[in-house]
Amino acid sequence: MNSDRVLKWFLYGYLALVLVFIFAPIIFSVIFSFNSDRFPTIPLGSFTLKWYKTIWQDPDVWEAARTSLIVSFSVASIATLLGFATAYTDYRYRFKLKPLYLALILLPPTIPLIILALAMLAWFAKIGLAGKVISIIVAHSVLTAPFAMAIIRLRLSQMDASLESAAWNLGADQWCALRRVIVPFCRPAIISSFCLTAAVSFDEFAIAWFISGLNKTIPVIILEIVTGNIDPQVNAIGSFVFLTSITLVVIAQVVLMTRDKKEKVHHG
Amino acid sequence: MSVSKQPAKTPSSDSKSARQRQKSDLFQQVLRLPIVIWQSLFFIAPLFFLVAMSFFIVRNYRMTEAFEMKNWLKMMSRDYFWDSYGLTIGLATLATLVVMIVAFPAAYTLAFRVSENTRRWAIFLLIIPFFTSYLVRIFSWYVILAESGVINAMLGYIGLGPYIMLNTKFGTIVGYMTLTLPLVIILQTFSLANIDRRLVEAAYNLGCRPWRTIIRVVLPLAKTGFIIAAVFCFILSFGDFVSPYYLGGSKPPTLPILIVDTVKSGQQWPRAAVVAVVMMVTLFIVAFGGIAAAYRRRNA
């Protein structure tokens, strides 16, 4: 019995260590962003806001932030729309070539980003779509639509199939049933998918770096600063980026989890 | 999905149902087709173009469409290409082994040793880094692992070090782990949690020792999920250019760094395309090999 308790605490400690390893870079980045040393270490230097002031006064950073916001908002909208339509098609219809259809949408995340980046750079240059903000939006939508599809499909599989037919029997046509029954049921998944796809797009740097041309997003600016040398500015920008994406991911998860609980209470 | 083409204006009940069917067909296509068009134009077409591009030639700094083996022969005959290839496969394999082993005790704890609520919170935490800027996290490791960085400073207090961790394979693996460890723990946890507990308890009741139970009962039952986790880990590490560049020092470069350097330093896109195609073929072999292994064992 005693050895089992030792094992238990060993495993808990191990799990805690793994979580420390995973979150250490995020936490240190935030700490270093307030640290005066150019090359931060322990013991820490004095508290400062100068790195935040530097980026606050940098017009390039503002421009990139604007581009990033436009891109992630558009990507989230397009990817969620595409993901919803695909998830519903998969839920409702059976047809030949369906495995191929699903592969078409689910494959992009399994291709390394650097390969997609090169392929899209070349193809977009050929069809006259390179170096524009819209190019990044299109590329990121391809990449993120699978996430949207997966989240919404999972939600649809929890739906009582008779809800939709009940709406038809009451005289709703298919569009009406879709709008009044399916979409409201999927709302938490739709919100969640919107946040997650926005977060992925907001952090993606390889494709954006290759195809953005002069329209740099925030991660591209970070990549360029990092390539130069050690500059604690990166920690300041990084802290903003962390705050943004963590907020989005937490919202996405909380929305899904709280809805689940509410429904369990209703059914129970 | 053939639709009967009846004149739409005859007021018979037949044509009404035909009209309805036509309408429902439209509904179905409006939902189904956008993704097909979108992914064909912006996902499949670029990949095919990439393969085609590996046969193009560059003349006077301009890329011309052609069908020549020049790029392939050139890249295949270079030692540095094969050095990079070997290094990339070696590093990705090492990372997969390390990550799968490091993740296992954590996944085992989450699957068998904690309440469902704790597990849910742990998964919640593990999902966050997956969607959080990888680039900034690697920069953070760069500062932490440096010769006068946080880790060496802490080791200094107990009289150890300093150790050189940047520009080594160790640095690269730390970077790969940053990228893949959360995902692998999640996938391992799910496949362990789905095991039929009664089989594990049966082994235990029949006197099987814990270690033997894990190796002979738990792991074979979770095999499919574990292979999928390993394949994902390999793909992500194999395709990443940030960790081997910033933490590994890029000497020699891995294949993804080779692509970046080739594209960013000039017009030699076709040669970069050769590297990319070789990478894709390698990944297909690994992925299909993994899947085949996963399902063959299942049936045996």
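User: What makes two residues of chain B a contact, and how much of the contact set with a separation of 6 or more joins residues 24 or more positions apart?

Analyst: Contact means heavy atoms within 4.5 Å. In chain B, counting contacts with a separation of 6 or more, 69% link residues 24 or more positions apart. This is a predicted model: local features need pLDDT of at least 70, side-chain atom pairs count only at pLDDT 80 or more, while totals for chains, interfaces and linings use all residues. Residues are numbered from 1 along each chain as its sequence is written, chains are lettered from A in the order in which they are written, and side-chain values use heavy atoms, without hydrogens and water.

User: Why is A:S201 called buried or exposed?

Analyst: Buried means under 20% relative accessible area, exposed over 50%, partly exposed in between (1.4 Å probe, protein chains only). A:S201 has 5% relative accessibility, so A:S201 counts as buried. A:S201 sits in helix α8 (residues 174-203) of chain A. Leaving out residues up to four places away in sequence, A:S201 touches A:V71, A:S72, A:V75, A:H140 and A:T144.

User: And why is B:N60 called buried or exposed?

Analyst: The relative accessible area of B:N60 is 69%, so B:N60 is exposed. B:N60 lies in the loop between β1 (57-59) and β2 (62-64) of chain B. Its C-alpha atom is 61 Å from that of B:A18, 42 residues away along the chain.

User: How does the radius of gyration of chain B compare with that of a compact globule?

Analyst: The radius is taken over C-alpha atoms, and the globule rule is 2.2 Å times the number of residues to the power 0.38. For 300 residues a compact globule would come near 19 Å, but chain B has 26 Å. Along the principal axes, the C-alpha atoms of chain B fill a box of roughly 95 × 70 × 40 Å. Of its 300 residues, 50% count as buried.

User: What makes a space a pocket, and how much space lies in the second largest pocket?

Analyst: On a 1 Å grid over the protein atoms alone, a pocket is an open set of points where a 1.4 Å probe fits, with protein on both sides within 12 Å along at least five of seven lines; lining residues have an atom within 4 Å of a point. The second largest pocket holds about 800 Å³, the space filled by probe spheres set on the points. Its lining has 21 residues, with A:L7, B:Y108, B:R113, B:P210 and B:I214 closest to the centre.

User: Which helix gives the most to that lining?

Analyst: α3(B) does, with six residues.

Conventions
Helix = DSSP H or I, 4+ residues; strand = E, 2+ residues; numbered from the N terminus.
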